[in-house]
Amino acid sequence: MVTLKLGIPKGSLENATVDLFRRAGFNITVSSRSYFPTIDDPEIECMLIRAQEMARYVEDGVLDAGLTGLDWVMETGADVHTVADLVYSKQSFGKVRWVLAVPESSPIRSIADLEGKVIATELVGFTRRLLETHDVRAKVEFSWGATEVKPPVLADAIVEVTETGSSLRANNLRIVETLLESNTQLIANHAAWKDEAKRRKLEDLQMLLEGAINALGKVGLMLNVEASNLKSVLQVLPALKRPTVSQLSEDGWLAVNTILDESTVRTIIPALKKAGAQGIVEYPLNKIVM
């Protein structure tokens, strides 16, 4: 039996990752006293690793695979195989941005203006390489956290990750430029990817995780309608592709199944009722496998 050693990101991504796996059909139980969560799949062994270190351990073969951000893969320069881009983050199911930010009163308006300045960031390697490509010489210092509070006393500028920008605004910082967009990735060690059994397990995992992400914000809707009202009902329904229409046991009646954005249901259901739909049922979705 194959055993896939899988790294789960500890820290800000941990809860979102565990929830995503739950939606995908895996129950991961994390204990505050252990770095080895349990999972209800005998073919997977989990280990909690900080996202910043994940790519290095996957590259070295300590782990077969793991979930971490594209930003940390780029920062470490790890040579790993990207199995899937999984667009989710700690607060939302979207990408995060690494931005160059300065105090509102700062004269810095571009990367070129960083010449001779002090920059605080967790993404030291990436920032230094970026400055080199712009032929800018500046001092890049590693920040252990609370990076937003460092300008203007401890740094002239920061390179910081943000989802909404609210923390930056709260600290009177202005975004100069977005330097990198990042999302979570499922990455694998090259040797593990070449192993047929582990590769098949990773591909199954990819399919289920992507299916869980596809289902976020979606609901299923099923209803009955007389054949004479079908056209009116279908005109109300936006669908993922096309609604599924099937014959009911009673002559002249049809069943319609479709997938909708959850945010639209409150306006669509009343319109469906007016169009002649009956027995309307809304139900949650865990996965949509394309």
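Start with helix α9, residues 265-275, in this predicted model. Its buried residues are Val-265, Ile-268, Leu-272 and Ala-275. Look at how they are spaced: an α-helix has 3.6 residues a turn, so residues three or four places apart point the same way. Sight down the axis of α9 and the buried residues fall within an arc of 85°, so they line one face of the helix. Flip to the face turned away from that buried side and you meet the exposed residues Arg-266, Thr-267, Lys-273 and Lys-274.

What sits over the buried face? The cover for the buried residues of α9 includes strands β13 (218-226), β15 (253-261) and β16 (278-284), along with helix α8 (230-236). Just past the end of α9, Gly-276 takes a positive phi of about 110°.

Now move over to an open sheet of five strands, which reads β4-β1-β5-β12-β6 and has mixed pairing. Its edges are β4 (44-50) and β6 (81-86), each of which pairs on one side only. Ignoring direction, neighbouring strands here are turned by 25° against each other on average. As a reminder, strands of a sheet pair through backbone hydrogen bonds, either parallel or antiparallel. Take β1 (residues 4-10) and its partner β4: they pair in the parallel sense, over seven bridges. If you want a spot to zoom in on, find Pro-9, whose bridge partner in β4 is Ile-49.

Two helices lie across strands of this sheet. Helix α1 (residues 14-24) lies across β1, β4 and β5 (65-69), running at about 135° to β1. Helix α7 (residues 196-215) lies across β1, β4, β5, β6 and β12 (184-188), and runs at about 15° to β6.

These two helices also pack against each other. Two packed helices are described by the angle between their axes and the distance between the axes. For α1 and α7, the angle is about 100° and the axes are 8 Å apart. An angle from 65 to 115 degrees counts as roughly perpendicular, and α1 and α7 are therefore roughly perpendicular to each other. Which residues make the contact? From α1 come Leu-20, Phe-21, Arg-23 and Ala-24, and they meet Leu-205, Leu-208, Leu-209, Ala-212 and Ile-213 in α7. Sorted by class, that contact between α1 and α7 has eight nonpolar residues, one charged residue and no polar ones.

Definitions and conventions: Residues numbered from 1 in each chain as written. Predicted model: local features only at pLDDT ≥ 70, side-chain atom pairs only at ≥ 80, totals over all residues. Heavy atoms only, no water. Axes fitted to C-alpha atoms, helices over the stretch in contact; angles between N-to-C directions. Helix = DSSP H or I, 4+ residues; strand = E, 2+ residues; numbered from the N terminus. Parallel < 35°, antiparallel > 145°, perpendicular 65-115°, else oblique. Contact = heavy atoms within 4.5 Å. Nonpolar A, V, L, I, M, F, W, Y, C, P; charged D, E, K, R; others polar. Buried < 20%, exposed > 50% of the residue type's maximum accessible area, 1.4 Å probe, protein only. Arc of directions from axis to C-beta. Pairing = 2+ DSSP bridges.
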